[in-house]
Amino acid sequence: SQMLDPKTKNWNPQVVSLTGMPQHILPPVVKSATPAGEYKGIQIIKAAGHDTQCAVCAMPSAQQESAAFLSCGTWSLIGCECDAPVMTKKSMEDELSNELGANGKINYLKNIKPLEYTLELESWDQEIAKYCAFVIKRRALFIQQLSTIASEIHKNLSNGIESISLQYNTILDTPNQKPLDEIIYTYQSGARSNFQKDKILGYSTFGAHNDDFDITLNYIDAINKDNTQSISIRRAGSLGQQRTATLSLKLAEVEILSNEYGEPPVLLLDDVLGELDIIRRQKLLEYCKLYQTIITCTEWHDELPATIFSVKNGVVQRSTQEKKL
């Protein structure tokens, strides 16, 4: 129930109150081996918590102070019996728990990965490899398409002085140029190499779930117009450049969705004008003419044409000072 206090070995009033349940409806906590009654002449005895606690109680080595146990079943538990709970920060970080056992003892234990689950992992990896390869292939094609469209949009928004390119980071280089069989083999090899480490960590460290992409900003040098510089926009881009790149990606997604489904989506932009200069603001609104667009912001710039609504005290009103797009 998670409502027992391992120190008092009784219900924890604070935890019970959080459930909204009145504590008086809970049965009293009694010691293991307490008689509970009879049924058809058979005496009923209160057991020790659950089956694992009973198994620990039945161990021949249970009387030895340093004895540890390993219980294997639907899950596997490793631990030992203690007279008092161990409730330190280190214990919590190591994912150890205290359970009430037999005869007032505390079972101090940890859930570990069952052997049969471990044996299944290799089979699962073989199947997952096929889907992983398919996902990587589709992502690579989408990133390539997105990069092409976003680069042109970014160049337009920046008045021709900047462009961006996207690089897809996955388990192998240029996956859009690789056959599915090669991607599958790469995944299977990586999964085998990381198998022992992943067992210890309890999760997969290799695969498409770790994929990411980088955005490179290409811009014309302000002093030497013939010189083009390239930087990682995440690490070195200004706020205005990062905001422009984000808008370029969003507008590219809108164009892709419009082409895919035959009609454009509604474009919602929240507080996007703050880091943009006047030219980029105007260029952005030119794109907004192509779609039904709603922009929310704390202030509006007079030089920008728009149909303006103000929200005050929960009331939406159309402004009389507006310029049509």
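Let's start at Asp270, which stands opposite Thr296 in strand S13. This is a predicted model, by the way, so please keep that in mind as we go. The two strands involved here are S12, residues 267-270, and S13, residues 293-296; they run parallel and are joined by 4 bridges. How does the chain get from S12 to S13? It crosses through helix H9, residues 278-288, and this β-α-β crossover is right-handed.

Now, let's move to the other sheet I wanted to show you. It is an open sheet of 3 strands, in the order S9-S10-S11, and the pairing is antiparallel. At the edges sit S9, 162-169, and S11, 228-232, each of them pairing on one side only. From one strand to the next, the twist averages 25°.

If you look at S10, residues 212-220, you can follow its antiparallel pairing with S11 over 5 bridges. For one position to click on, try Asn218: its bridge partner in S11 is Ser230. And what packs on this sheet? That is helix H8, which touches S9, S10 and S11, and whose direction makes about 70° with that of S9.

So, a few words on H8 itself. The helix covers residues 239-261, which is 23 residues, and spans 33 Å from its first C-alpha to its last, close to the 33 Å expected at 1.5 Å a residue. Right after H8 comes Gly262, with a positive phi, near 80°. Those of you who like checking backbone torsions may want to look at Gly262 on the screen.

Which residues of H8 are buried? Among them are Gly240, Gln241, Thr244, Ala245 and Leu247, then Ser248, Leu249 and Leu251, and further along Ala252, Val254, Ile256 and Ser258.

Let me pick one of these and stay with it: Ser248, in helix H8. Why does Ser248 count as buried? Because its relative accessibility is 0%, and the cut-off for buried is under 20%. Where does its side chain go? The Ser248 side chain reaches the backbone oxygen of Thr244 at 2.8 Å. Thr244 is itself one of the buried residues of H8.

Leaving aside residues up to four places away in sequence, Ser248 touches Ala150, Ile153, His154, Leu157 and Ile164. To put that back into the picture we started building, Ser248 belongs to H8, and H8 is the helix that packs on the three strands S9, S10 and S11.

That's my tour for today, thanks for listening!

Note on methods
Residues numbered from 1 in each chain as written. Heavy atoms only, no water. Pairing = 2+ DSSP bridges. Right-handed = clockwise from strand over helix to strand, strands pointing away. Expected span 1.5 Å × (residues − 1). Buried < 20%, exposed > 50% of the residue type's maximum accessible area, 1.4 Å probe, protein only. Axes fitted to C-alpha atoms, helices over the stretch in contact; angles between N-to-C directions. Contact = heavy atoms within 4.5 Å. Polar contact = N/O pair within 3.5 Å; in protein donor to acceptor, adjacent residues only side chain to side chain.
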